[in-house]
Amino acid sequence: MSGFPQVAPSILSADFGVLREQVSLVQEAGAEVIHVDIMDGHFVPPLSMGPPACEALRGMGLHLEVHLMVEHPETTQIAAFAEAGAGTIIIHAEATPAVDYALGLIRDHGCRAGLAVNPATPTDFYEEVEVDLALCMTVNPGWGGQGFIPGSLEKIARMRELLPEQTVLEVDGGIDESTAGPAVAAGAQRLVAGSAVFGTDDPAAAYRAILAAAQSR
Ligand code: DX5
Ligand code: ZN
């Protein structure tokens, strides 16, 4: 995979009628990681998609990053998404008391293990566990198209300071051409972008513009 910063388009805002075509557009523009947002109607109010959405993107040569906004992901969902082709599985610190167990389960299934925190969740979780990826939510999870919470920049910087160097620091929510640069300057390495990519008429151009903004911070 190429170096940082990276932009990971989120298919939450894509046209599901032509999902693979939409993803091909950003892949041809250089995207290597695709973000798949899974919502259970409990941890967050909406329902989004399940393992078939992941399976639909299998075999395209992309790294599928599954963001599980679901309660108790350790019961069945980690195994289901690993089998559906996930390369990275991200769970939420707020979604289970069994965070360490769930992270171990992700690794047992051969995936990279990610841990996300909501805007109000303190960062000290990361002092207790080892993760391949840390996800700082820069909006409250559940919906695309929300505004970047400005106070997140300080949190990103704090997280970068406490995380080991090899842990990828990702941000998710409200990333566009104006917020990508400041997020990278604060320490973010992978930026999820949904509506700013797939909510536009030209996802490839939007992807390239956000990446350029991230690179020129
Ligand atoms: C929000 C999801 C995000 C969402 C981001 O709960 O986790 O990944 O797709 O959407 P934008 O980029 O529109 O804020
Ligand atoms: Zn997400």
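The shell around ligand 1 divides into eight nonpolar, ten polar and two charged residues. The model is predicted. In this model, 20 residues surround ligand 1. Ligand 1 sits in the largest pocket.

**The shell around ligand 1**

- Among the 20 residues that surround ligand 1, the closest are Asp37, Gly142, Gly145, Asp172 and Ser195.
- Asp counts as charged, whereas Gly and Ser count as polar.
- Strand β2 gives the most to this shell, with three residues.

**Polar side chains at ligand 1**

- Ser195 has a polar side-chain atom 2.5 Å from an oxygen atom of ligand 1.
- Asp37 has a polar side-chain atom 2.7 Å from an oxygen atom of ligand 1.
- In the side chain of Ser10, an N or O atom is 2.9 Å from an oxygen atom of ligand 1.
- How much of the accessible area of ligand 1 does the protein cover? On its own, ligand 1 has 380 Å² of accessible area, and the protein covers 99% of this.
- Which elements give two or more residues to the shell around ligand 1? They are β2 (33–39), β3 (63–69) and β8 (190–193).

**The largest pocket**

- This is the pocket in which ligand 1 sits.
- About 280 Å³ of space lies in the largest pocket.
- Its lining has 28 residues. Nearest the centre of the pocket lie Trp143, Gly144, Gly145, Gly173 and Gly174.
- Four elements are named as giving two or more residues to this lining: β2, β3, β8 and α7 (195–198).
- By class, the lining has twelve nonpolar, 13 polar and three charged residues.
- Gly145 appears in two lists. It is one of the residues closest to ligand 1, and one of those nearest the centre of the largest pocket.

**The second largest pocket**

- The volume of the second largest pocket is about 160 Å³.
- Which residues line the second largest pocket? From the earlier part of the chain come Arg112, Tyr126, Val129, Glu130, Val131 and Asp132. Leu163, Pro164, Gln166 and Thr167 line this pocket too.
- How does this lining divide by class? There are five nonpolar, two polar and three charged residues.
- Arg112, Glu130 and Asp132 are in this lining, and Arg, Glu and Asp count as charged.

How values were computed. Residues numbered from 1 in each chain as written. Chains lettered and ligands numbered in written order. Predicted model: local features only at pLDDT ≥ 70, side-chain atom pairs only at ≥ 80, totals over all residues. Heavy atoms only, no water. Near = heavy atom within 4 Å. Polar contact = N/O pair within 3.5 Å; in protein donor to acceptor, adjacent residues only side chain to side chain. Areas by Shrake-Rupley, 256 points an atom, 1.4 Å probe, with all protein chains shown as cover. 1 Å grid on protein atoms, 1.4 Å probe; cavity = no way out; pocket = protein on both sides within 12 Å on 5 of 7 lines; lining within 4 Å. Sits in = over half its atoms within 2 Å of the grid points. Points joined across faces, edges and corners; volume = space filled by probe spheres on them.
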